[in-house]
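Thank you all for coming; I would like to walk through one structure this morning, beginning with its interior and ending with its cysteines.

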Amino acid sequence: MEKKIPQKSPYVMEMEPGTYAWCSCGASSKQPFCDGSHKGSGFTPTMETIEEKTTKAWCGCKHNKSGSFCDGSHKDL
Ligand code: FES
């Protein structure tokens, strides 16, 4: 399965401390987080632990080089 591209820009969100499962396949309807839609696709969510309240730019294009956050790769899509 090809990755889906929910949006070609990050999801900038104010985050509370906790553990989050970033959707890597793009199929989740709860972007930018996993809702289990990856089942059977070969993709798995990327887990991130956030220690303190902060603003994060979650990758929305699913084409970042690693991890869960925007690294500017969406500009090349
Ligand atoms: S939204 Fe994916 S790299 Fe920026």
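I will take the nonpolar core, then the cavity, then the cysteine sulfurs.

This is a predicted model, in which local features need pLDDT of at least 70 and side-chain atom pairs count only at pLDDT 80 or more, while totals for chains, interfaces and linings use all residues. Residues are numbered from 1 along each chain as its sequence is written, and side-chain values use heavy atoms, with hydrogens and water left out.

The largest nonpolar core, meaning buried Ala, Val, Leu, Ile, Met, Phe, Trp, Tyr and Cys residues joined through side-chain atoms within 4.5 Å, has 9 residues, among them Phe33, Ile50, Trp58, Cys59 and Cys61. Strand E1 (11-15) and strand E2 (18-22) are the elements that give two or more residues to this core, strands being DSSP runs of E, at least two residues long, numbered from the N terminus.

Turning to empty space, the structure holds 1 cavity of 30 Å³ or more, a cavity being a set of points on a 1 Å grid over the protein atoms alone where a 1.4 Å probe fits but cannot get out. The volume of the largest cavity is about 40 Å³, and its lining includes Cys23, Cys25, Cys34 and His38.

What of disulfides, that is, pairs of cysteine sulfur atoms within 2.5 Å? The search of the whole structure finds 0. For Cys23, the closest cysteine sulfur is in Cys25, 4.0 Å away and therefore too far for a bond; for Cys34, the closest is in Cys23, at 6.5 Å, again too far. Cys23 counts as buried, at 2% relative accessibility, whereas Cys34 is partly exposed, at 25%, where buried means under 20% relative accessible area, exposed over 50%, and partly exposed in between, with a 1.4 Å probe and protein chains only.

Notes
On a 1 Å grid over the protein atoms alone, a cavity is a set of points where a 1.4 Å probe fits but cannot get out, and a pocket is an open set with protein on both sides within 12 Å along at least five of seven lines; lining residues have an atom within 4 Å of a point. Grid points are joined across faces, edges and corners, and a volume is the space filled by probe spheres set on the points. Helices (H or I, at least four residues) and strands (E, at least two) are DSSP runs, numbered from the N terminus. A disulfide is a pair of cysteine sulfur atoms within 2.5 Å.
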